[in-house]
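Let's take a walk through this structure, one region at a time. Keep the 3D view open as you read.

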Amino acid sequence: MLSISQTNLGYYCFEWTATEQGPKIIQNKFIGVKNNLNEEKTFSQIIKNFSPKLKEESSSLTIVLNDNQVKISSFRIDKHINSSYYIKWYENNIFDTEYLKEYENYYYPLVSNNYNNYLIVAIKKKYKNTLLDEIKKVGFNLVYLSVNLFSSATITKQIYKIKNEEDFLIWKVSKNNHHFFTYYVGDNLAAFIKIKLKRNKTIDIVTEIGESIFVNKINTFIKEYIVNKKQYNLIKNIFIY
């Protein structure tokens, strides 16, 4: 299995195989190619530089995209309303025709007590289709496509042995003083916040998704720990990268 993770500076590539003791890393390498994955020959250039050792055994591929390749939004509905019905209504009445021609939407349920909250991840259809074509040209089969903001939760739980009933917060520090926070309850995403931290310690909230009980936990962490440099104990497991 080959896994590729996109960053602003290039691509981290990992080749691994399953064993009785768990995944075994065969090789890993950073490829300093800044072109986008859907651009012609970018994927083939990455494969050439990485030179996979197990391609004859497995052509399976997983890709984690940088968050700037997608749009993130949300909606919430009463728990008594059928979610499938509402999603169809939402696309027909909220998104305009041109948007739906350009983007493909994916809906992910969030941990919710009072409402059915959904995170929407939208990717350009042209980007996705071109990417799939480039992958096929090199003889790989895409089996998993995700976004870096959300894929980190799985490996975090595995490395740090977080129990299913525990909650945890993942904090990503990005360029231009942007910070991303994803809060999980067990295996499930509960809230997502993106902020811009200014030099005078004021905060601009760019995106805020989730029920208030979960969102407030993140906002309290931002205010107490990041801005005021105080101790914070409401969330036991906090990871930064």
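Start with the largest pocket of this predicted model: 46 residues line it, and the ones nearest its centre are Ser5, Val64, Ser151, Ser152 and Ile155. The space inside comes to about 1600 Å³. If you want to know who supplies the wall, look at helix α5, residues 148-160, which gives the most to the lining, with 10 residues.

Now for the nonpolar side of things. In soluble globular proteins, nonpolar side chains tend to be buried together. Here the largest nonpolar core has 37 residues, and Ile4, Leu37, Phe43, Leu61, Ile63, Phe140 and Phe150 have the most contacts inside it. Among the contributors, helix α1 (residues 42-50) gives the most, with four residues. A second core, separate from that one, has 18 residues, including Tyr183, Ala191, Phe214 and Ile222.

Zoom in on Leu37 for a moment. Setting aside neighbours within four places in sequence, Leu37 is in contact with Gln6, Tyr11, Thr42, Phe43, Ile46, Ile63, Leu65, Tyr127, Leu131 and Glu134.

Next stop is helix α2, residues 83-93, where Ser83, Tyr86, Ile87 and Tyr90 are the buried residues. Why do they end up on the same side of α2? Because they cover an arc of only 105° around the axis. What they pack against is a set of strands: β5 (70-78), β6 (103-109) and β7 (115-124). Flip to the face turned away from the buried side and you'll find the exposed residues Ser84, Tyr85, Lys88 and Asn92. Finally, check the start of α2: a side-chain oxygen of Asn82 comes within 3.1 Å of the backbone nitrogen of Ser84.

Note on methods: Residues numbered from 1 in each chain as written. Predicted model: local features only at pLDDT ≥ 70, side-chain atom pairs only at ≥ 80, totals over all residues. Heavy atoms only, no water. Core = buried A, V, L, I, M, F, W, Y, C linked by side-chain atoms within 4.5 Å. Buried < 20%, exposed > 50% of the residue type's maximum accessible area, 1.4 Å probe, protein only. Helix = DSSP H or I, 4+ residues; strand = E, 2+ residues; numbered from the N terminus. Contact = heavy atoms within 4.5 Å. Arc of directions from axis to C-beta. Polar contact = N/O pair within 3.5 Å; in protein donor to acceptor, adjacent residues only side chain to side chain. 1 Å grid on protein atoms, 1.4 Å probe; cavity = no way out; pocket = protein on both sides within 12 Å on 5 of 7 lines; lining within 4 Å. Points joined across faces, edges and corners; volume = space filled by probe spheres on them.
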